[in-house]
Structures are given as structure tokens and as C-alpha cells.
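Reader: Please choose one part of this model and take me through it closely. I would like each term to come with its cut-offs, so that I can follow the reasoning at the bench.

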Amino acid sequence: MFVVIAEIQLKKGIELEFKNWVGESNKILANFDGFIGRRLLESHNGKHLILVEFESKEKFEKMHQTAEHAKIQSKSHSYMDGFPQPKFYNVTSQ
């Protein structure tokens, strides 16, 4: 499994709207081969992370080359102050 964890900074006052949008956009992402899930995480101090899971890095990269993903990415950035700070991982044990 391939995992991306991206730290994000949401604009003030739109957290609920962004949470709802994540759920809606996940319905589109679910159509991509290899997509497992995407979650919005919030720490006890209010910081946000996006957790994305794919079957493989190759399938994740293939999804990133589509017009659908470009549209989702553009919309997600409109909710944020700055760009996400992603880190990439391969799951080595479960």
C-alpha cells in the first residue's frame, strides 16, 4: 500500500465546508483504480492533515495525471492558505 500524509492549513471559517467537500470529492476519487481511501485528520491543537491510501505508488501517480484529479486538486487549494506539505510512504508491514 502507498500512503500520502499532507499537512494543510485551512483558511479561517471554512472548516465545515471543507469537511463536506472532502466527503463529496471522495466519491469521485473512489472511481480511480487502486484508491483505498482519503481522510481529513485534525489534531488536538487544530492542525489538519489529509491521509490518502492507494494500492500502489503507480496507481496513485496515474490518478494524478487525470483531468478529474486536476479539478479536485484546484478546488482543494481554494480552501487552503498555502500548498499542502505531502510526505510519501510505502506500507511495509500490517
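**Two helices and a pocket**

Author: The 15 residues of H1 should span 21 Å at 1.5 Å a residue, and since the end C-alpha atoms of H1 lie 20 Å apart, the two values agree; the expected span is 1.5 Å times one less than the number of residues. Helices (H or I, at least four residues) and strands (E, at least two) are DSSP runs numbered from the N terminus. The model is predicted, so local features need pLDDT of at least 70 and side-chain atom pairs count only at pLDDT 80 or more, while totals for chains, interfaces and linings use all residues. Residues are numbered from 1 along each chain as its sequence is written, and side-chain values use heavy atoms, with hydrogens and water left out.

Within H1, the buried residues are Phe18, Trp21, Val22, Ser25, Asn26 and Leu29, where buried means under 20% relative accessible area, exposed over 50% and partly exposed in between, with a 1.4 Å probe and protein chains only. Viewed down the axis of H1, these buried residues fall within an arc of 145°, so they line one face of the helix; the arc is that of the directions from the helix axis to the C-beta atoms. On the face of H1 turned away from this buried side sit the exposed residues Leu16 and Lys27. The cover over the buried residues of H1 includes E1, strand E2 (35–42), E3, H2 and H3, contact being heavy atoms within 4.5 Å. In the loop between H1 and E2 comes Ala30, which is partly exposed at a relative accessible area of 48%. Ala30 stands 21 Å from Pro84, C-alpha to C-alpha, with their positions 54 residues apart in sequence.

H3 can be described in a similar way. This helix has 12 residues and reaches 17 Å from its first C-alpha to its last, close to the 16 Å expected at 1.5 Å a residue. His69, Ile72 and Ser76 are buried in H3, and seen down the axis of H3 its buried residues fall within an arc of 65°, so they line one face of the helix. The face of H3 turned away from its buried side carries Ala67, Lys71 and Ser74, which are exposed, whereas the buried residues of H3 have a cover that includes H1, E2 and H2. Two other residues of H3 are neither buried nor exposed: Glu68 counts as partly exposed at 44% relative accessibility, and Lys75 counts as partly exposed at 37%. The C-alpha atom of Glu68 is separated by 8.0 Å from that of Ile28, although the two are 40 residues apart along the chain. Lys75 and His44, 31 residues apart in sequence, are 26 Å apart in space, C-alpha to C-alpha.

Both helices also take part in the largest pocket, which holds about 380 Å³ of space. A pocket is an open set of points on a 1 Å grid over the protein atoms alone where a 1.4 Å probe fits, with protein on both sides within 12 Å along at least five of seven lines, and lining residues have an atom within 4 Å of a point. Its lining has 21 residues, and Ile50, Val52, His64, His69 and Gln73 lie nearest the centre. The elements that give two or more residues to this lining are strand E1 (2–8), helix H1 (15–29), strand E3 (48–54), helix H2 (57–64), helix H3 (67–78) and strand E4 (85–90). H3 gives the most, with 5 residues.

Val52, one of the residues nearest the pocket centre, belongs to strand E3 and counts as buried at 12% relative accessibility. Leaving out residues up to four places away in sequence, Val52 touches Phe2, Val3, Val4, Gly37, Arg38 and Phe60. The C-alpha atoms of Val52 and Leu10 are separated by 17 Å, with their positions 42 residues apart along the chain.

Note on methods:
Points joined across faces, edges and corners; volume = space filled by probe spheres on them.
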